[in-house]
Amino acid sequence: MIKVLNSGAWLINGKELIPDSHEAAMEVKQKTGMDISREEAAKETMAYGILKSHNTSDSMEKLKIRFDKLTSHDITFVGIIQTARASGLERFPMPYVLTNCHNSLCAVGGTINEDDHMFGLTCAKRYGGVYVPPHQAVIHQYAREMLAGVGKMILGSDSHTRYGALGTMAMGEGGPELVKQLLNQTYDIGRPDVVAVYLTGEPVKGVGPQDVALAIIGAVFKNGYVKNKVMEFVGPGVASLSADFRIGIDVMTTETTCLSSIWETDEKVEEWYDIHGRKEDYRELRPGKAVYYDGAVTVDLGKVRPMIAMPFHPSNTYTIEELNANLMDVLEDVEKRAAVSLDGAVEFTLKNKVKNGRLMVDQGIIAGCAGGGFENICAAADILKGHYTGAEGFTLSVYPASMPVYMELIRNGKAADILETGAVLKTAFCGPCFGAGDTPANNAFSIRHSTRNFPNREGSKLQNGQIASVALMDARSIAATAANKGVLTAATDFDGEIGTYKYHFDSNIYANRVFDSKGVADESVEIQFGPNIKDWPKMGALPENLVLRVAAEIHDPVTTTDELIPSGETSSYRSNPLGLAEFTLSRKDPEYVGRAKDIQRAETARMAGEHPCQAHPDVKPVMNAVKKTFADASHENTGFGSVIFAVKPGDGSAREQAASCQKVLGGWANIANEYATKRYRSNLINWGMLPFLIEEGELPFGNLDYLFIPGIRKAVEEKIEVIKAYQVDAESGTLKEFTLTLGELTDEERQIILKGCLINYNRV
């Protein structure tokens with residue numbers, strides 16, 4: 001089904017994949033007549049051509065990218081625009097779309113959410129942007145329908161910014177990277193490796209895009225095979241997939257931790273652009289005649305079977321057939337994994353969901369940028385037709401990804417087919433993906449065609465003893481399960497017909513409701529604020545030395561951004577930096593906020609010109625111990641703050657608040673064995689936080705310990721690779737040395753850290 005090559009690979013004439021070897025270059029020459037080196041052939045990828053056309057530096061090894069368009073939603077755009085305004089924003093220099101698909105439930109938090117929407121509308125008018133009102137479209141569906149273009153690049157402040165199936169290289173990053181684009185700065189990265197995803201065959205009936213995506217994620221996530229690389233989809237199997245099917249696979253590439261994705265284009269993609277009235281944005285995109293890839297994943301589409309990603313990660317994958325055949329063994333394994341993810345905070349089992357040897361499901365959801373596409377919902381409607389969901393506890397909700405999709409489902413009758421079964425059809429909303437919509441009951445088991453199933457999402461509050469678990473599946477198998485009244489069922493068991501339906505895009509829906517400035521800024525428009533929209537607090541520059549208190553210590557194999565700053569009920573506070581910060585690590589380490597605030601008192605006093613010892617009694621014995629070895633250290637040249645340790649933090653969402661919340665609580669750094677994603681590490685840097693690395697093994701410090709890092713400013717300025725740090729034993733007055741590194745930093749990133757944050761770096 002899925003194979004991962006342990007070497008590079010050559011692609012010949014877009015059709016034949018050859019694993020790299022001593023003989024491969026000769027075979028390439030024989031079949032193409034080209035005598036080409038690996039280095040030159042690597043430039044023949046589609047990714048290389050797009051990156052080159054957007055690179056503003058004189059080096060293809062150190063890229064400085066300017067994007068064509070930007071997109072954000074309503075739990076990120078307020079902070080982004082506020083940051084850019086504090087840095088001198090005058091107008092949006094490129095098309096910037098503000099969608100409202102996350103904080104759409106305006107009943108939550110009183111007027112807070114709608115205040116954010118009005119802020120977005122008035123900023124779109126003042127600075128020359130596009131505003132998409134609530135319920136019209138989820139961020140990525142609107143971008144596909146209205147923004148994508150072959151050969152273009154789009155940057156979004158949501159991790160699932162992926163439009164590769166439409167020939168657009170898109171990346172999801174934290175808000176500060178969008179701020180840089182708004183300020184005419186660049187996205188700076190080393191040239192990424194490119195991995196071929198070589199498709200052959202065609203899917204069998206009942207297999208959908210989520211099945212293919214989960215199979216790939218299961219094969220590559222744990223080994224980091226595509227981490228921070230570009231996935232390039234090629235091979236004869238591409239032609240067997242519709243544009244919608246490709247989109248459904250593509251959006252889930254985020255869960256592999258890749259940097260971006262790109263697909264070859266053909267007449268099916270051309271038809272997609274034509275349907276959406278944008279044929280001028282199409283061109284054929286193909287890899288060269290002889291191409292070298294840094295790795296390859298082969299996918300036999302015909303062997304993929306309906307998949308399920310069990311709690312609590314999209315890579316925890318099984319075929320549904322395998323799960324049903326080994327039910328209790330798999331559930332036992334899920335419980336063992338959950339014990340690690342949940343730290344034993346709640347009692348967790350799915351074994352009580354087994355009735356008469358079958359796994360019973362409490363809820364089904366088909367939603368968002370992954371599940372809410374036209375073909376997915378039509379297929380689900382065909383499987384559901386003539387059945388009903390039943391009058392017991394099982395429920396099914398379907399969220400079309402945009403109002404144009406919703407309208408077409410009404411026109412072709414599929415909406416009626418779905419509603420007749422007892423399912424509920426809802427408007428475009430991302431809530432089911434992050435815990436703000438269709439939150440399951442305590443101990444409920446939900447199957448979802450959405451993007452993630454991490455712990456601490458979907459309404460779970462472990463500190464209150466509340467847990468809900470989510471498995472990811474394709475819309476087709478969710479519909480088959482619903483038709484079977486909640487008995488977990490693969491869509492390949494459905495013996496009826498799944499039709500093919502023509503899609504008609506109605507652009508009038510957007511023309512009648514979306515505000516589009518056409519790039520014209522109107523300085524006369526007054527920005528509309530609400531009482532919850534707050535400015536960022538003042539942040540100081542990096543001092544010569546640091547005293548850091550360890551405020552949280554996390555030993556999970558991976559820590560998600562949802563565990564660093566919860567989603568769901570916190571959404572209403574994402575425009576209020578200090579208000580949101582109160583939730584930091586609340587579902588992982590509820591004591592963190594108090595600990596961080598405690599040591600922050602010392603830095604607040606220091607910044608005010610007062611002696612930090614007066615604000616925090618621990619400072620004096622710590623500094624006394626430090627001065628025995630470092631006599632020049634003083635409160636004038638030493639900053640005080642907090643640090644967290646996590647094995648591998650930052651998997652998941654691009655939300656910058658995972659880092660900024662630590663910063664506004666006085667955080668100066670993270671220490672990790674590695675960072676799960678580039679975007680989380682970038683968020684730390686852009687908020688002036690040091691992304692320290694420490695070798696895997698026994699830690700030289702523990703929670704609540706004090707650490708002293710002498711000469712840290714000099715180390716950043718002079719690019720010192722190995723940084724000496726010390727665990728401070730105030731009681732004995734001794735220091736225990738250990739070493740840290742910072743990894744690769746660009747010159748600009750170093751300056752941002754030295755200034756204290758991106759706002760300070762840009763502030764005139």
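How many cavities of 30 Å³ or more does the count come to? In this predicted model, the count comes to eight cavities of that volume or above, and the close-up views below take up two of them, together with the nonpolar cores and one helix.

**View A. The largest cavity and the residues at its centre.** The largest cavity has a volume of about 210 Å³. Its lining is made up of 19 residues, among which His102, Asp158, His160, Phe434 and Arg457 are the closest to the centre of the cavity. Two helices, α6 (139–146) and α17 (431–434), each supply at least two residues of this lining. By residue class, the lining of the largest cavity divides into eight polar, six nonpolar and five charged residues.

**View B. The second largest cavity and the helices that line it.** With a volume of about 110 Å³, this cavity is the second largest, and 15 residues line it, those nearest its centre being Asp244, Ile247, Gly248, Gly373 and Asn376. Two or more residues of the lining come from each of α6, α9 (243–250), α13 (368–371) and α14 (374–384), and of the contributing elements α9 gives the most, with four residues. The lining of the second largest cavity comprises six nonpolar, five polar and four charged residues.

**View C. Helix α9 and its surroundings.** Helix α9 is mostly covered, since eight of its eight residues are buried; these are Ala243, Asp244, Phe245, Arg246, Ile247, Gly248, Ile249 and Asp250. The buried residues of α9 pack against the helices α6, α8, α10 (267–275) and α14, and also against the strands β12 (230–234) and β13 (260–263).

**View D. The largest nonpolar core, with Val299 and its contacts.** In soluble globular proteins, nonpolar side chains tend to be buried together. The largest nonpolar core of this model has 112 residues, and those with the most contacts inside it are Tyr96, Met169, Met171, Leu199, Val212, Ile216 and Val299. Helix α8 (residues 209–220) gives the most to this core, with seven residues. Leaving aside residues up to four places away in sequence, Val299 touches Met1, Ile2, Val197, Tyr198, Leu199, Thr200, Val212, Ile216 and Val304.

**View E. A second nonpolar core.** Separate from the largest core, a second core of 69 residues includes Val97, Tyr163, Phe348 and Leu488.

Notes: Residues are numbered from 1 along each chain as its sequence is written. This is a predicted model: local features need pLDDT of at least 70, side-chain atom pairs count only at pLDDT 80 or more; totals for chains, interfaces and linings use all residues. Side-chain values use heavy atoms; hydrogens and water are left out. On a 1 Å grid over the protein atoms alone, a cavity is a set of points where a 1.4 Å probe fits but cannot get out, and a pocket is an open set with protein on both sides within 12 Å along at least five of seven lines; lining residues have an atom within 4 Å of a point. Grid points are joined across faces, edges and corners, and a volume is the space filled by probe spheres set on the points. Ala, Val, Leu, Ile, Met, Phe, Trp, Tyr, Cys and Pro count as nonpolar, Asp, Glu, Lys and Arg as charged, and the others, Gly among them, as polar. A nonpolar core is a set of buried Ala, Val, Leu, Ile, Met, Phe, Trp, Tyr and Cys residues joined through side-chain atoms within 4.5 Å. Buried means under 20% relative accessible area, exposed over 50%, partly exposed in between (1.4 Å probe, protein chains only). Contact means heavy atoms within 4.5 Å.
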